[in-house]
Amino acid sequence: DKTIKADPAIQIVFRIEWRPEVLPHVQSQMERVRDDPNGSMARTRARRGAITLSDCLDEYSKEERLDSENMWYCNKCKDHFQATKKIDIWNYPEYLVLHLKRFRQSGRGRRTKISAIVQFPLTGLNLAEHSLQYRTKGGVKPIYDLIAVSNHSGGLGGGHYTAYARNSENDQWYYFNDRSVTPVGNTANIVSQRAYVLFYQKGG
């Protein structure tokens with residue numbers, strides 16, 4: 001047997017052609033892997049039946065190894081490496097806006113909507129474990145109360161926006177749909193798969 005070493009300057013490209021009846025399933029699997037490469041969010045859904053804001057923040061701040069297309073250049077070594085990167089949140093502001101990822105880029109430039117339900121609290125959102133400042137220095141816990149939600153329903157071609165907002169004077173929630181404004185009877189309806197942008201204010 002003889003081992004042949006490839007010239008690093010040569011790029012080898014493999015082309016795979018899928019049968020038409022198999023292609024939609026393959027594309028669906030590739031999208032799932034791209035949006036959740038380690039399968040951790042899928043395991044969370046299987047274990048709890050829902051995703052929480054804490055799960056989302058864990059994914060956002062998780063250590064990530066850069067792929068071969070995004071290698072880090074070391075000025076000292078004068079070479080590229082597949083380094084790791086990590087994002088930590090030091091502290092949180094008075095008003096916190098959380099934008100949930102509801103759209104993803106799929107094959108051939110198409111975009112699809114993500115309709116997974118993300119559980120979020122209306123009061124007492126405790127972000128202490130996600131604050132690097134609090135974990136290292138202590139102090140006041142960053143605790144938030146929800147004040148508004150922007151919703152998106154429909155798809156990319158015919159979407160519609162509505163909103164929920166809380167009156168700070170009487171703590172009553174209202175539902176905004178174009179010109180219509182109605183009181184919310186059951187606040188459990190605020191948490192839904194339509195939730196797109198969450199607005200929190202420090203409370204506690």
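This is a short chat about salt bridges, cysteines, strands and the core in a predicted model.

Me: Let's start with charges. How many salt bridges are there in this predicted model?
Reply: The count comes to three salt bridges.

Me: Which residue pairs with Glu-59, and what is the N to O distance?
Reply: Glu-59 pairs with Lys-62, side chain to side chain, at 3.1 Å from N to O.

Me: Are those two buried or exposed?
Reply: In between, for each. Glu-59 is partly exposed, at 25% relative accessible area, and Lys-62 is partly exposed too, at 30%.

Me: What about Lys-86, who does that one bridge to?
Reply: Lys-86 forms a salt bridge with Asp-88, and their closest N and O atoms are 2.7 Å apart. Lys-86 counts as partly exposed at 45% relative accessibility, and Asp-88 as partly exposed at 36%.

Me: And which residue forms a salt bridge with Asp-171?
Reply: That's Arg-166, with 2.9 Å between the closest N and O atoms. Arg-166 is partly exposed, at 23% relative accessibility.

Me: Why would such side chains pair up at all?
Reply: As a general point, side chains of opposite charge can pair when their charged atoms come close.

Me: OK, switching to cysteines. How many disulfides does a search of the whole structure find?
Reply: Zero disulfides turn up in the whole structure.

Me: Why doesn't Cys-74 have a bond to the closest cysteine sulfur?
Reply: Because the distance is too long: the closest cysteine sulfur, in Cys-77, sits 3.4 Å from the sulfur of Cys-74, while a disulfide needs the two sulfur atoms within 2.5 Å.

Me: Is Cys-74 buried or exposed?
Reply: Buried, at 10% relative accessibility. Cys-56, by contrast, is partly exposed, with a relative accessible area of 25%.

Me: Now the strands. Which strand does strand 6 join, and how do they run?
Reply: Strand 6 (residues 95-99) is joined to strand 15 (residues 195-202) by five bridges, and the two run antiparallel. Within that pairing, Leu-98 has Leu-198 as its bridge partner in strand 15.

Me: How many bridges join strand 11 to strand 15?
Reply: Seven, and strand 11 (residues 143-153) also runs antiparallel to strand 15. Here Ala-148 has Phe-199 as its bridge partner in strand 15.

Me: Leu-198 again, then. What does that residue touch?
Reply: Leaving out residues up to four places away in sequence, Leu-198 touches Leu-53, Leu-96, Val-97, Leu-98, Phe-120, Leu-146, Ala-148 and Val-149.

Me: How many residues has the largest nonpolar core, and which have the most contacts inside it?
Reply: That core has 22 residues, and those with the most contacts inside it are Leu-53, Phe-120, Leu-146, Val-149, Ile-190, Leu-198 and Tyr-200. Two or more residues each come from helix 3 (53-60), strand 6, strand 11 and strand 15.

Me: One last residue: where does Thr-162 lie?
Reply: Thr-162 lies in strand 12 (residues 160-166). Thr-162 is buried, with a relative accessible area of 6%.

Me: Which side chain does the Thr-162 side chain make a polar contact with?
Reply: The side chain of Arg-194, at 3.4 Å.

Me: And what else is Thr-162 in contact with?
Reply: Setting aside neighbours within four places in sequence, the contacts of Thr-162 are Val-149, Ser-150, Asn-151, Tyr-175, Phe-176, Asn-177 and, once more, Arg-194. Val-149 is also one of the residues with the most contacts inside the largest nonpolar core.

Notes: Residues numbered from 1 in each chain as written. Predicted model: local features only at pLDDT ≥ 70, side-chain atom pairs only at ≥ 80, totals over all residues. Heavy atoms only, no water. Salt bridge = Lys/Arg side-chain N within 4 Å of Asp/Glu carboxyl O. Buried < 20%, exposed > 50% of the residue type's maximum accessible area, 1.4 Å probe, protein only. Pairing = 2+ DSSP bridges. Helix = DSSP H or I, 4+ residues; strand = E, 2+ residues; numbered from the N terminus. Polar contact = N/O pair within 3.5 Å; in protein donor to acceptor, adjacent residues only side chain to side chain. Contact = heavy atoms within 4.5 Å. Core = buried A, V, L, I, M, F, W, Y, C linked by side-chain atoms within 4.5 Å.
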